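Student: I have a model open on my screen and would like to learn how to read its helices. Could you walk me through it?

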Amino acid sequence: MIELEGVPELIDPVMVAAFEGWNDAGDAASTAVAHLEREFKGEVFAALDAEDYYDFQVNRPTVFMDGGVRKITWPTTRLSVVRVGGDKPRDLVLVRGIEPSMRWRSFCNELLGFAHELGVELVVILGALLGDTPHTRPVPVSGVTSDADLAQRMDLEETKYEGPTGIVGVLQEACTHAGVPAVSLWAAVPHYVSQPPNPKATLALLNRLEDLLDLRIPQGELPEDARAWQVGVDQLAAEDSEVAEYVQTLEEARDTAELPEASGEAIAREFERYLRRRDVGPPGGHATADGTDTGPWLRDNPSGRTRPPLPPRPDASGGPDDDEASEE
């Protein structure tokens, strides 16, 4: 039995979840939820028992000093609530944690228990995967659901993926079987520059969430960070002619595939987002998708920002193939 204390009555609540690990390439998804917590000053009201779901040899606790006293932070999943203002305020129940090591069905049932007690109307799960996408183009974000009616109403894809899945896919299906509407938003991260952070992918997920829920999310420093990230990758890619040629090949393939879509619908979506930001005032932080390690990332660039790693040569193995990239 889940008992919630100190949580006010919520307005049209939507649960937004992200989990570090296999479904969080470039830490893009978990960073997006962390951004929401920070911008809207979310306060944690509940945490799942770490003993039930985590292998501490895989996800180790950390020790820190607090006023001269040593304390331990255990890996877990935490929930907080934030209110998004504007003409139509609504509450977001934010779920941020680590993909559990065990008891996934119990894990999902516990989260669904919170959703039921809080009156959550929709669950949105954020994810990021590795793909054959160039860093120079807008980050593709796909919205998928297992519910045919929901796919039609919200202009989403009905998932047809078959194969290995992570906690994002398991939680979405648990929601579907429990009768809770659920959507997954997936950002595609270039496989040749997969190390975190990836502020460009984080920003793309937040923009898609804005469109899906018709709300306004303060961007903070994300646009500047995204530009700095792309400039850094541009500079690193230019140092290797083979990588530069490979990126150009990806660009040509992407532009050809999306030529029919470079149209009024995309422009209208950007214009609506612009109006939303203009009319509404402001309100009151890896494992890659395929489990590979791309090595250390470079630091200490002239701007003082973290720079991404030098992309591997084009024949290096990347993330999931096109079919797997459409998971959930």
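Tutor: Sure, let's begin with what H1 (28-39) touches. Its buried residues (buried is under 20% relative accessible area, exposed over 50%, partly exposed in between, with a 1.4 Å probe and protein chains only) pack against strands E1 (14-20), E5 (78-84), E6 (90-98) and E7 (122-131), as well as helices H6 (199-213) and H7 (222-238). Contact here means heavy atoms within 4.5 Å. Helices (H or I, at least four residues) and strands (E, at least two) are DSSP runs, numbered from the N terminus.

Student: Before we go on, what kind of model is this?

Tutor: It's a predicted model: local features need pLDDT of at least 70, side-chain atom pairs count only at pLDDT 80 or more, and totals for chains, interfaces and linings use all residues. Residues are numbered from 1 along each chain as its sequence is written, and side-chain values use heavy atoms, leaving out hydrogens and water.

Student: How many residues of H1 are buried, and which are they?

Tutor: Nine of the twelve, so H1 counts as mostly covered. Ala 28, Ala 29, Ser 30, Ala 32, Val 33, Ala 34, His 35, Leu 36 and Glu 37 make up the buried set.

Student: What span does H1 have from its first C-alpha to its last?

Tutor: The expected span is 1.5 Å times one less than the number of residues. H1 reaches 16 Å, close to the 16 Å expected. After H1 comes Lys 41, with a positive phi near 55 degrees.

Student: How do I describe two packed helices?

Tutor: You give the angle between their axes and the distance between the axes. Axes are lines fitted to C-alpha atoms, for helices over the stretch in contact, and angles run from 0 to 180 degrees between N-to-C directions. H1 and H6 pack at about 60 degrees, with axes 8 Å apart. That makes H1 oblique to H6; angles under 35 degrees count as roughly parallel, over 145 as roughly antiparallel, 65 to 115 as roughly perpendicular and the rest as oblique. Their crossing is right-handed (the near helix is turned clockwise from the far one by less than a right angle; anticlockwise would be left-handed).

Student: Which residues make that contact?

Tutor: H1 brings Ala 28, Ala 29, Thr 31, Ala 32, His 35 and Leu 36, while H6 brings Ala 201, Thr 202, Leu 205, Leu 206 and Leu 209. By class, there are eight nonpolar, three polar and no charged residues. Ala, Val, Leu, Ile, Met, Phe, Trp, Tyr, Cys and Pro count as nonpolar, Asp, Glu, Lys and Arg as charged, and the others, Gly among them, as polar.

Student: And what about H6 with H7?

Tutor: Those two pack at about 140 degrees, with axes 8 Å apart, and are therefore oblique to each other. The crossing of H6 and H7 is left-handed. On the H6 side are Pro 199, Lys 200, Thr 202, Leu 203 and Leu 206, meeting Leu 222, Pro 223, Asp 225, Ala 226, Trp 229 and Gln 230 of H7. That contact divides into seven nonpolar, two polar and two charged residues.

Student: Is Asp 214 buried or exposed?

Tutor: Asp 214 counts as exposed because its relative accessibility is 55%. Asp 214 sits in the loop between H6 and H7, and its phi is positive, near 55 degrees.

Student: Where is there a cis peptide bond?

Tutor: Look between Pro 196 and Pro 197, where omega is about 0 degrees. Pro 197 lies in the loop between strand E10 (182-190) and H6.
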